[in-house]
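User: I am new to reading protein models and would like to work through one step by step. Could we go through it with short questions and reasoned answers?

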Amino acid sequence: MQRRKFLARSMAGGMAVGLGAAAQPARGAQSSSGRSSDLPSTFTPAAHSLPHSQYSPFTTPDYFTFADDLAIERNLPNKPHQGKVLAAIQAHSDDIPLFAAGTVAKLIDEGYTGYLIRLSNDEASGTTLGHGVVQNEADIQEAAKAMGLKKTYSFYYRNHRMDDNAAIEIRARLIFLFRMLQVNTIFAMDPYDHYDENPDHIVAGKAVEGACWMSGGAKDYPEHYKAGLKPAHIHEKYYHARSPQGHNLVNRVVDIGSYIDHKVRTNMANKGKGPAGTAGARLRQQLARQGKKLPLLGNDDETANFGYVKHFLMDDFQLLGRRFGLEYAEAFRYIGPEPNYLGNIVKYAEEHAVPL
Ligand SMILES: [Zn+2]
């Protein structure tokens with residue numbers, strides 16, 4: 001489907017592309033609260049409310065604004081990303097797993113080598129602060145494996161206090177890693193994550209944004225080059241939203257239907273933080289004490305954890321996907337490679353220059 005035609009249908013039909021009749025919100029009733037819109041017909045909606053399963057407070061934002069050049073990224077055969085490097089950067093151990101793990105796993109499967117970079121120490125979860133640090137340190141190793149990532153790095157800034165650190169230090173450490181790993185593509189929290197109450201997310205997004213640009217600079221941290229590092233040219237950026245009450249600009253929707261089980265297992269690895277971990281096993285045991293069971297939780301803890309994450313926590317990504325005719329989807333503000341400006345000018349000059 002042509003993109004502009006798609007958008008026209010979307011605007012007229014409440015983003016109902018590919019949506020089954022049962023799940024399709026009626027015109028004017030697409031609010032996540034189920035309330036009908038009071039917007040007069042003389043106005044064109046500027047943001048689209050997303051339906052929510054009401055099973056997880058952490059997944060898709062309340063509103064997206066969709067760009068008119070929105071593209072759906074689908075599976076690519078023959079490992080087209082062989083030789084490229086991605087870095088998935090997160091403030092906390094559950095950020096990339098919840099919002100981008102399907103797309104990260106997809107790109108790794110399509111040839112990328114990948115690294116996970118965590119900025120906080122995740123102390124604000126766990127039974128005590130110290131337990132939170134240790135548990136999340138172990139969890140990110142397993143989460144990285146589930147996505148197919150090669151190695152993890154942690155900066156250990158204090159959780160929910162990241163704005164207490166100098167932005168320039170966080171950025172400089174990222175620049176070092178981007179150059180050392182020769183990163184081409186990043187995943188991170190949207191630096192303009194509207195209405196996000198978690199202060200670490202904005203700090204992380206802004207640090208990544210600046211580091212992406214400066215990593216390619218010849219004059220920034222020139223001692224890196226004396227030590228043998230090379231500039232990193234980051235040509236692709238996938239910024240994801242988090243803010244539950246948020247409103248984010250989206251120009252890329254990724255089909256993660258083939259990678260939903262990777263995403264489920266990545267979230268199951270997060271035992272110390274987030275809504276997944278061992279929640280399924282706990283619910284199964286609680287029901288068993290009452291002499292009951294939920295069939296989707298199966299007959300053992302592993303099956304219960306998998307079923308819980310897939311059935312409850314992935315539902316919002318299924319609802320998002322259905323709007324685009326996909327089984328499951330993740331949404332991004334994607335920034336791709338810039339044109340070769342100087343090359344284009346040289347080419348123009350070669351084609352149009354006339355004798356003196
Ligand atoms: Zn977070």
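User: Which residue in β8 does Phe66 stand opposite?

Analyst: Before answering, note that this is a predicted model, in which local features need pLDDT of at least 70 and side-chain atom pairs count only at pLDDT 80 or more, while totals for chains, interfaces and linings use all residues. Residues are numbered from 1 along each chain as its sequence is written. Helices (H or I, at least four residues) and strands (E, at least two) are DSSP runs numbered from the N terminus, and two strands pair if DSSP finds at least two bridges between them. In β8, the residue opposite Phe66 is Val250.

User: In which sense do strands β2 and β8 pair, parallel or antiparallel?

Analyst: The bridge partner of Phe64 in β8 is Asn248, and that of Thr65 is Leu249. Strand β2 covers residues 63-73 and strand β8 covers residues 247-255, and over seven bridges the sense of their pairing is parallel.

User: Which strand do four bridges join to β8?

Analyst: One bridge links Val254 to its partner Glu330. The two strands run antiparallel, and the strand joined to β8 by four bridges, with residues 329-335, is β9.

User: Which strands stand at the edges of the sheet?

Analyst: Nine strands form an open sheet with mixed pairing, in the order β1-β2-β8-β9-β7-β6-β3-β4-β5. Two strands have a single partner strand each, so one side of each is left without a neighbour in the sheet, and these edge strands are β1 (48-49) and β5 (151-157).

User: Which helix gives the most residues to the largest nonpolar core?

Analyst: A nonpolar core is a set of buried Ala, Val, Leu, Ile, Met, Phe, Trp, Tyr and Cys residues joined through C-beta atoms within 7 Å, where a residue is buried if 20 or more other C-beta atoms lie within 10 Å of its own, exposed if 12 or fewer, and partly exposed in between, with C-beta atoms placed from the backbone. The largest such core has 79 residues, and those with the most contacts inside it are Ala88, Val104, Ile186, Phe187 and Ala329. With seven residues, the helix that gives the most to this core is α6 (residues 199-214).

User: How are α4 and α8 directed, roughly parallel or roughly antiparallel to each other?

Analyst: Axes are lines fitted to C-alpha atoms, for helices over the stretch in contact, and angles run from 0 to 180 degrees between N-to-C directions. Angles under 35 degrees count as roughly parallel, over 145 as roughly antiparallel, 65 to 115 as roughly perpendicular and the rest as oblique. Helix α4 (residues 129-147) and helix α8 (residues 260-268) pack at about 175 degrees with axes 8 Å apart, and their relative direction is therefore roughly antiparallel.

User: Which residues of α8 make the contact with α4?

Analyst: Two residues are in contact if their C-beta atoms, placed from the backbone, lie within 7 Å. On the α4 side the contact is made by Ala143, Ala146 and Met147, and on the α8 side by His262, Arg265 and Thr266.

User: Is Ala143 buried or exposed?

Analyst: Ala143 lies in helix α4, and among the residues that Ala143 touches are Ser93, Pro97 and Ala269. Because 29 other C-beta atoms lie within 10 Å, Ala143 is buried.

User: How many of the eight residues of helix α11 are buried?

Analyst: The buried residues of α11 pack against β9, and they include Asp316, Phe317 and Leu319. Helix α11 (residues 315-322) is largely enclosed by the rest of the structure, because the number of its eight residues that are buried is six.

Definitions and conventions
Lists of a residue's contacts leave out its neighbours within four places in sequence.
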